[in-house]
Amino acid sequence: MMKTRDPLVQALIERMAIRSEAGIIKYKNTMVSTPMNIIQALDNAIEEALDLAVYLEKAKKELKEKWTLKH
């Protein structure tokens, strides 16, 4: 496995490797061998980005609520 001196980057590399292995087990394919055209790949990326926006908005809301309670 690749090593880096940055512990945050190293943790992300390890998480990505674990996630990749779980996907290979679940779908019996790697991303390279997954039958998906470019439009499908873009649609999947857009869906993931939309999910990310929801998670970020939730985290922001919770932080704002905690900040408001303290001040």
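A salt bridge, as the term is used here, is a side-chain nitrogen of Lys or Arg within 4 Å of a carboxyl oxygen of Asp or Glu. The model on display is predicted.

Begin by selecting E57 and K60, whose side chains form a salt bridge with an N to O distance of 3.8 Å. Both residues belong to helix α2, and because they are three residues apart there, about one helical turn separates them. In total, the structure contains three salt bridges.

Next, display residues 38-70, the extent of helix α2, and find E48 within this helix. Add D43, E47 and D51 to the selection: together with E48, they make up a patch of negative charge on the surface.

Keep E48 selected and turn to the largest pocket, which holds about 640 Å³ of space. Its lining comprises 18 residues, and those closest to the centre of the pocket are R19, G23, Y27, M31 and E48. Two elements, α1 (7-27) and α2, each supply two or more residues to this lining.

Finally, select α1, which makes the greatest contribution to the lining of the largest pocket, with seven residues. E48 thus appears at two stops of the tour: in the patch of negative charge and among the residues closest to the centre of the largest pocket.

Methods. Residues are numbered from 1 along each chain as its sequence is written. This is a predicted model: local features need pLDDT of at least 70, side-chain atom pairs count only at pLDDT 80 or more; totals for chains, interfaces and linings use all residues. Side-chain values use heavy atoms; hydrogens and water are left out. Patches are made of residues with over 30% relative accessible area and no salt bridge: like charges are joined within 9 Å, nonpolar side chains (Val, Leu, Ile, Met, Phe, Trp, Tyr) within 5 Å. Accessible areas come from the Shrake-Rupley method with a 1.4 Å probe; for residues, only the protein chains shown count as cover. Lys and Arg count as positive and Asp and Glu as negative; His and the chain ends are not counted. The place of a charge is taken as NZ of Lys, CZ of Arg, CG of Asp or CD of Glu. Helices (H or I, at least four residues) and strands (E, at least two) are DSSP runs, numbered from the N terminus. On a 1 Å grid over the protein atoms alone, a cavity is a set of points where a 1.4 Å probe fits but cannot get out, and a pocket is an open set with protein on both sides within 12 Å along at least five of seven lines; lining residues have an atom within 4 Å of a point. Grid points are joined across faces, edges and corners, and a volume is the space filled by probe spheres set on the points.
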